[in-house]
Amino acid sequence: MVSMRAFRLGLSAVLCLSAFACGGGGGSASNGGGGPPPPPPPTNNTASVIVDAGPPPNNSSVNTLFTSVTICVPGSTTSCQTIDHIQVDTGSYGLRILAPVLTLTLPIETLANGNSLAECTQFVDGFSWGPIVTADFQIAGETAHSLPVQVIGDSRLANIPAGCSGTGGTEEDTVSTFGANGILGIGPFELDCGDCDTATHGLYYACATSCTDTTVPANQQVPNPVTHFAADNNGAIVVLPSVAAGGASNVMGSLIFGIDTQTDNASGTETVLTLDDNAELIVNFNGQTLASSFIDSGSNGIYFADASISLCTAPPSDPTSQIVNFYCPASTLILPITIQGMNGTMTNNLTFGVGNTETMLNSNFDAYPQLAGTLPAGNAGTFDYGLPFFYGRRVAVAVQGAMTTAGTGPYIAF
Amino acid sequence: MPIFQSSDFKGAALGVAVLIAALLPHVASATLGQPEITVQSDAARTHAAIKSSEDRTGYRVHEIQLPSGTVMREFVAPNGNVFAVAWQGPTRPDLRQTLGQYFDAFASAPRTKLSDRRHLQIQQGDLVVQSGGHMRALSGRAYLLSAVPSGVNIGDLH
């Protein structure tokens, strides 16, 4: 589906270019004769993004990228709402909105048997529960009609099934526990589940008087919204400026939709690393080959295991201090790393910084390019390169099946 | 005290595995801190299956394939109790069952300013839970500090 869209997109781009070329001979702004109509203006495909302290009540986000989205009741141009502080996450799939910030009543999807559809979204540290609704989704000039969207913490389906809460961790059903008003998952696959149309995973639930684990047709599952745009639907590009080593606040950048669909998202000479079935790639670090690694705007630091780097020490008064499990070297470390795609392409002369977390956090910034923490050794083979990777870079995430001049998705390019 | 007589243990483990395979083609997850026999509990509901059982120095590992596609490993101490569990796959196992009496401590673990949705490292009393990954690829493990047999490298429990 994605590749077909990408193909159509490529075709229309060619036609558009041809129209420009043909129109060049006329040189007239008027269109009174039999000539072709002027091409439509290009779609605004760029949304602004910001790394700031996040929404109230917490206002305590670190290295978290946000944007604003507009959603409407399907088919309506007036029942709409713009919501800020939606986290931009290249490591998940789908749009999810926290119910408390939603003023619209959006229709809940129903399955063939009439049951309401809900989801138990599993994040590493917890779960989010709520119905799947449909909404018309807008960001920049892009639109996706009747997009399946999760509404987290919706009072219409308030009872969390035991099978969902049993997945454990924090219930992230409020803005405070979620740390955002919603999340925009634009990772390199189309859906948030690989095979939920044929298998149950404790993700999707059919709800009548109670809710039970269910399979769901793919077109009712929560998709990466980019894949549902009419155009610019083969991926997205995150552009962020460099950030001073010690940190900064209110770092602003761009989220550009589409790859090679307009002049502003054309591929150039970037490094293209294709991804495996888990959206992962290989990191070579410190003599180790870490084959379950990932680059991810939804991780707020650089996470890896290195027993030679000093960990922060929690003050005796606060043994569960936030700095536990983060690195606190005496002076900043600059470490070499090689990232390798499934296509064999490797980065050249890449380094990253590890700062002293305790010192950095004292400055109360929102963006820290050298924030790094440990991974437990049980996460064998992982290097999680989070938002710090994106500072000072233009990072494209191409969806599976996307065909661009740079390569075939899923890939990450920078 | 010696941990196991290796050959006896292997034989016994093989026997148990064969017995389990013969009697209970569908087995569920074990419960942390409980005897190994709970590996077989709750069989009909979850339709999981033991893929393999392996003896390692100082403990035994059962690898269990859950219908969700997630693989779970259970680590059994010489005293027959499950001292650690680990998982890897698209979704988590039923941790309420897997962690048993320790589940509530896990579920109520506090978040901090530096929490994101990709990492979890908590220690609540005797319980340690560590988790990582991202949507469609989650992994983690839980173990009881006091129950880890001496000489076992925590890093091998995955």
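Start by selecting B:Asp126: setting aside neighbours within four places in sequence, this residue is in contact with B:Leu144, B:Leu145 and B:Ser146. Bear in mind as you look around that this is a predicted model.

Now show the ribbon around B:Asp126. You'll find the residue in the loop that links β5 (120–124) and β6 (127–134) of chain B. Is B:Asp126 buried or exposed? It counts as partly exposed, because 14 C-beta neighbours sit inside 10 Å. For a sense of scale, add B:Arg92: the two are 34 residues apart in sequence, and their C-alpha atoms are 21 Å apart in space.

Next stop, B:Phe106. Leaving out residues up to four places away in sequence, B:Phe106 touches A:Gly168 over in chain A, along with B:Leu95, B:Leu99, B:Ile122, B:Leu127 and B:Val129.

Keep B:Phe106 selected and add A:Ala236 and B:Ala142. Within the largest nonpolar core, which has 148 residues, these three touch the most other members. Then colour strand β6 (residues 126–139) of chain A, which gives the most to this core, with seven residues. Colour domain 1 (46–228) and domain 2 (269–413) of chain A too: both give residues to the core, so it lies between them.

Finally, zoom out to chain A as a whole. You should see four helices and 25 strands. Its radius of gyration is 22 Å, close to the 22 Å from the globule rule for 414 residues, so chain A is as compact as a globular protein of that length. Along the principal axes, its C-alpha atoms fill a box of roughly 80 × 55 × 35 Å. Of the 414 residues in chain A, 52% count as buried.

Terms used. Residues are numbered from 1 along each chain as its sequence is written. Chains are lettered from A and ligands numbered from 1 in the order in which they are written. This is a predicted model: local features need pLDDT of at least 70, side-chain atom pairs count only at pLDDT 80 or more; totals for chains, interfaces and linings use all residues. Helices (H or I, at least four residues) and strands (E, at least two) are DSSP runs, numbered from the N terminus. The radius of gyration is taken over C-alpha atoms; the globule rule is 2.2 Å times the number of residues to the power 0.38. A residue is buried if 20 or more other C-beta atoms lie within 10 Å of its own, exposed if 12 or fewer, and partly exposed in between; C-beta atoms are placed from the backbone. A nonpolar core is a set of buried Ala, Val, Leu, Ile, Met, Phe, Trp, Tyr and Cys residues joined through C-beta atoms within 7 Å. Domain bounds come from an automatic or database domain assignment. Two residues are in contact if their C-beta atoms, placed from the backbone, lie within 7 Å.
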